[in-house]
Amino acid sequence: MLTGGCLCGACRFEYCGAVGAASYCHCADCRRATGSAFNVGVRIAPAEFGMVQGTPAVFTNTGDSGRALSRHFCSDCGSPLFTSSLAHPDWTFVKAGALDDPTLVKPEYESWTSSEVPWARPSLGLVRYARGREA
């Protein structure tokens, strides 16, 4: 079981299912949403995921891929929690930093490397995609 939540504790979630691929995303939207050089997301099945405390706020925008992405975050402290997309209804991406045990995260690839910043790059020898990746 994966558990996690926001900085202030108002939002908590649980996940009881297989943990999918984790990845780094270097797109400009992820940089702005995280306030960092990249996002680290863990793919999970939404049917096995649920909020056990609080109701996250949601912001939806269309990325460079042309697809809408909904970013769910705590409305009290602003912590990013997970993302979802109507284009991929079988996936939810939990933010690795929101997990209670981030050691469970095993990144497999990097996407949108064409947008990466020169001052921060993971050096894990992962497969790199210049744009998005269909998993």
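**Exercise 1.** In this predicted model, find how strands β4 and β9 pair, and over how many bridges.

*Solution.* Start with the ranges: β4 covers residues 39-44 and β9 covers residues 92-95. The two strands pair in the antiparallel sense, over four bridges. Now take one residue. Val42 has Val94 in β9 as its bridge partner.

**Exercise 2.** Place this pair in its sheet, then name the edge strands.

*Solution.* Write down the strand order: β6-β7-β8-β9-β4-β3-β10-β11. That is an open sheet of eight strands with mixed pairing. Look at the ends. β6 (57-62) and β11 (127-128) stand at the edges. Each has a single partner strand, so one side of each lacks a neighbour in the sheet.

**Exercise 3.** Decide whether Ser23 is buried or exposed, and list its contacts beyond four places in sequence.

*Solution.* Locate the residue first: Ser23 is in strand β3, residues 22-25. Its relative accessible area is 8%. Buried means under 20%, so Ser23 is buried. Next, leave aside neighbours within four places in sequence. Ser23 then contacts Asn39, Val40, Gly41 and Tyr109.

**Exercise 4.** Work out where Trp112 lies, whether it is buried or exposed, and what it touches.

*Solution.* Trp112 sits in the loop between β10 (107-111) and β11. Its relative accessible area is 10%, so Trp112 is buried. Check the distance to Cys27. The two residues are 85 apart along the chain, yet their C-alpha atoms are separated by 5.3 Å. Finish with the contacts, not counting residues up to four places away in sequence. Trp112 touches Cys25, His26, Cys27, Asp64, Ser65, Tyr129, Ala130, Arg131 and Gly132.

Terms used: Residues numbered from 1 in each chain as written. Predicted model: local features only at pLDDT ≥ 70, side-chain atom pairs only at ≥ 80, totals over all residues. Heavy atoms only, no water. Pairing = 2+ DSSP bridges. Buried < 20%, exposed > 50% of the residue type's maximum accessible area, 1.4 Å probe, protein only. Contact = heavy atoms within 4.5 Å.
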